[in-house]
Amino acid sequence: MSRTRSLHLAVALDGPARYDADHYTDLVTLAERGTLDFVTLGDSFARPGLDALAVLARVAPATRRIGLVPTVTTTHTEPFHVSTAVATLDWVSRGRAGWGVGVSPTQAEARLFGRRPAAPTDELWREAGEVADAVARLWDSWEDGAEIHDKETGRYVDRSKLHHVDFEGTRFSVRGPSTVPRPPQGRPVTAIDITGAGDEGRRTAARHADVVLIRASSPEQAAALRTALHQDAETHGRDPSSLRVLLSLAVDLGESEPRPEPGLGGYSCGPRLTTPGSHYSGGPVELAELIARWYAADAVDGFHLAPIAPHRDLERIVNGTVALLQHRSVFRTFHPGGTLREHLGLARPANRYALSKGSS
Amino acid sequence: MTDEGRPTLHLAAHFPGVSSTTAQNSSTSGSHIDFGTFEHLARTAERGLFDFFFLAEGLRLREHKGLIHDLDVTGRPESITLLNALAAVTDRLGLAATVNVSFNEPYELARRLSSLDHLSGGRAGWNVVTAADAFTGENFRHGSCPDRVDRYTRAAEFVATARELWDSWTPDGRARPVARAGRHFAVEGEFTVPRSPQGHPVVIQTGDSDEGREFAAAFADVAFTRHGDPKAGRAFYRDVKARLAAYGREPDDLKIMPGVTFVLGDSDEEAQERATAVRREQVSPQRAILVLEQVWGRDLSSYDPDGPLPEIDPDPEAVLAQAGAGAGDPCRTATRWRELSRRKGLSIRQTVIEATSGQSFVGTAGRVAAEMAGYVGSGTADGFLLVPHRTPGGLDEFVDEVVPLLQERGVFRTRYSGTTLRSHLGLTEPVWKG
């Protein structure tokens, strides 16, 4: 790879529904101490619990470095609202926002809105791709430096730097520009979990995601998936090195000693993955070894760990797994920058409208 | 009521964002988007023991003559997300957002508001508005929205649906399914959030029409008004409070809070001078022409802002097309402004400053405190929504100078007695309707 590789680590905050802010602030503060790239919080209109984006906005001022990536569905929401809410998360966290693009495939969710019936996954992911596209355009709809505060004329913005996006999708259209100025990261980080998302979900990820979450049971399988995603991205005119592919892994660190379960995950001893490779159970030290090994094999860019018991496992991840990876210089000991993009080694995107103006 | 049993003034702070009351280009103005700005204002309001901090809404950048309006503060964060972040840097202050019912769905919005109420420990407020013009609609799936006549029936159904969702958890923590098929909304299933600390977030209403007043009497905990002067204020107050009984509500169940501005000075003369200076900052020469064009419905860019008003008459149809309804009769406005200009010998800019002026409280801190105290208990208002001119320091001097005098007079709290916005407003928690 051309860039200097660095390992990326993220954790999921999901667990039994909690309704108090302190629970989440404690978890995110802990993850931040472990210098992780970001935390995720899943969401669905039918899942018990608070609005994920609200939770991470509540946590933002209490933390300083860690990235905050809530899931926001594209199915029953307004693309305009999605764009302004995520942009605002970026403003209140000063450049640490991401967005886990989700869809709402169930009839139960559809009935809560009473507007449209449940639709096939492919159709929903096609729409999610359109929403991701429209949202990114809205984020670009204010060029940097559009605010001018001209004392002489009373002009507040340079309107030549504001753009109608005029997006026409198959199910929605948006005129624009956004009501929120361009967020600190230019575009907050877009993450897509492709497990269960089908071909259309994978295509949407290859086109629009900065971070793709995958499942795999062996380094070879993960590497093949990543290569396929890179090729897809290239087909869509993207530089594959602007994609971070992270292996999602449910982790149960309740066991201090690994129990041998021969034949699973391709390891004869030590830590192992159960088929189909989405669950790890063992100790924090062995988890560090697994991460280091897969990373050394260049199978993935990093890991997205989903603790079974959030408090207990996150503590063991930070104090055990991460500490060991840091000790072995596999993982950094501090956040290299201020924004989530900087943690991930992703450039701040150039504004498409400013670019097109420059080339015309 | 205060601890001594005297009437209490309620205070809210409005973010001085996208509005003509903002002096956005003065040397003391800061960013209108950076979180630090909002944090400063919210912390100041909390230091002043305010009931709540309030944000307006805009879902499309305003345009004038087909171009994006560039003479006003434009662009702001999304309110509910911002308020969740402000909940982290405040402890007691209520946090209220304007969110319309036209481009949202009851299930999603009820969930977002309930989340804010949980995450803030019971401090959420919701200003229900109904703007549903086709211009804004171009940013949304729905496109243009219901007829104006339908606005309040839709709003009423929206609020009723939200309340049903908020009430759908039993006091012992079980979710019961909701099945509601109304004229505008159909919601079926379980709400994912338990009953929030306030039961229901506080509902606020703004709007002066007959339907708006009726909506306030039926549904709202707080009503904002534009009636900042005592005479109009008393009439509005009497009218709306009288409507409550029809809904089985007590007059004290709805707090009426006019939106007001203030300019302080060491003497009343100095305050007047500062008020004049603020008006000049708010109305630049370009802005004066723009305001005139909005009344006239014509391109007046060739007119000199320091010269006389145009002799040509307004184009009422163009005015309607660009400003929507509610702008009043432009010809009558033009006649009134011409008279004002002739009588006082005013230029375009001076006329606009004079005609659109409306500083509610101008004077020393002592005068402002005395005037505000006079409203309370006299059937004029239950409190005020303060609109500072400057960002982010526009509230500082009010909190430092006026609040202590209100406390001395015994009309304002000296500490928060409760933790929720409802408790600040002296409102009881809504009875659970299972």
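1. A good place to start is one pair of side chains: Glu127(A) makes a salt bridge with Arg141(B), and their closest N and O atoms are 2.7 Å apart. Please keep in mind as you read on that this is a predicted model. Between chain A and chain B, the count of salt bridges comes to eight. Polar contacts add to the picture: 27 residue pairs across the interface of the two chains are in polar contact, both partners being at pLDDT 80 or more.

2. Which parts of chain A face chain B? Helices H2 (52-59), H3 (79-92), H4 (107-113) and H5 (121-140), together with strand E6 (173-174), each supply at least two residues to the side of chain A that touches chain B. H3(A) provides the largest share of that side, nine residues. By residue type, the side of chain A that touches chain B divides into 30 nonpolar, 18 polar and 18 charged residues.

3. Now for the extent of the interface. In contact terms, 66 residues of chain A meet 59 residues of chain B. In chain A, the residues that lose the most area to chain B are Leu112(A), Tyr156(A) and Arg159(A), which together account for 13% of what that side buries. The area buried between the two chains is about 5300 Å², and carbon and sulfur atoms give 57% of this area.

4. On to the nonpolar cores. In soluble globular proteins, nonpolar side chains tend to be buried together. Here the largest nonpolar core has 183 residues, and those with the most contacts inside it are Phe303(A), Phe50(B), Trp126(B) and Phe398(B). H5(A) gives the most to this core, with ten residues. There is also a second, separate core of 14 residues, with Ile289(B), Leu300(B), Ala334(B) and Trp337(B) among them.

5. If you would like one core residue to click on, try Phe398(B). Leaving aside residues up to four places away in sequence, Phe398(B) touches Leu11(B), Phe50(B), Phe262(B), Leu264(B), Val368(B), Met372(B), Leu386(B), Val403(B) and Leu406(B).

6. Is His14(B) buried or exposed? His14(B) counts as buried because its relative accessibility is 13%, and the cut-off for buried is under 20%. This histidine lies in strand E1 (residues 10-14) of chain B. Again not counting residues up to four places away in sequence, His14(B) touches Phe54(B), Ala56(B), Leu385(B), Leu386(B), Val387(B) and Pro388(B). Leu386(B) is thus worth a look from both sides, as a contact of His14(B) and of Phe398(B).

Methods
Residues are numbered from 1 along each chain as its sequence is written. Chains are lettered from A and ligands numbered from 1 in the order in which they are written. This is a predicted model: local features need pLDDT of at least 70, side-chain atom pairs count only at pLDDT 80 or more; totals for chains, interfaces and linings use all residues. Side-chain values use heavy atoms; hydrogens and water are left out. Contact means heavy atoms within 4.5 Å. Buried area is the accessible area (1.4 Å probe) that two parts lose on being put together, summed over both. A salt bridge is a side-chain nitrogen of Lys or Arg within 4 Å of a carboxyl oxygen of Asp or Glu. A polar contact is a pair of N or O atoms within 3.5 Å; within protein, one must be able to donate a hydrogen and the other to accept it, and residues adjacent in sequence count only if both atoms are side-chain atoms. Helices (H or I, at least four residues) and strands (E, at least two) are DSSP runs, numbered from the N terminus. Ala, Val, Leu, Ile, Met, Phe, Trp, Tyr, Cys and Pro count as nonpolar, Asp, Glu, Lys and Arg as charged, and the others, Gly among them, as polar. A nonpolar core is a set of buried Ala, Val, Leu, Ile, Met, Phe, Trp, Tyr and Cys residues joined through side-chain atoms within 4.5 Å. Buried means under 20% relative accessible area, exposed over 50%, partly exposed in between (1.4 Å probe, protein chains only).
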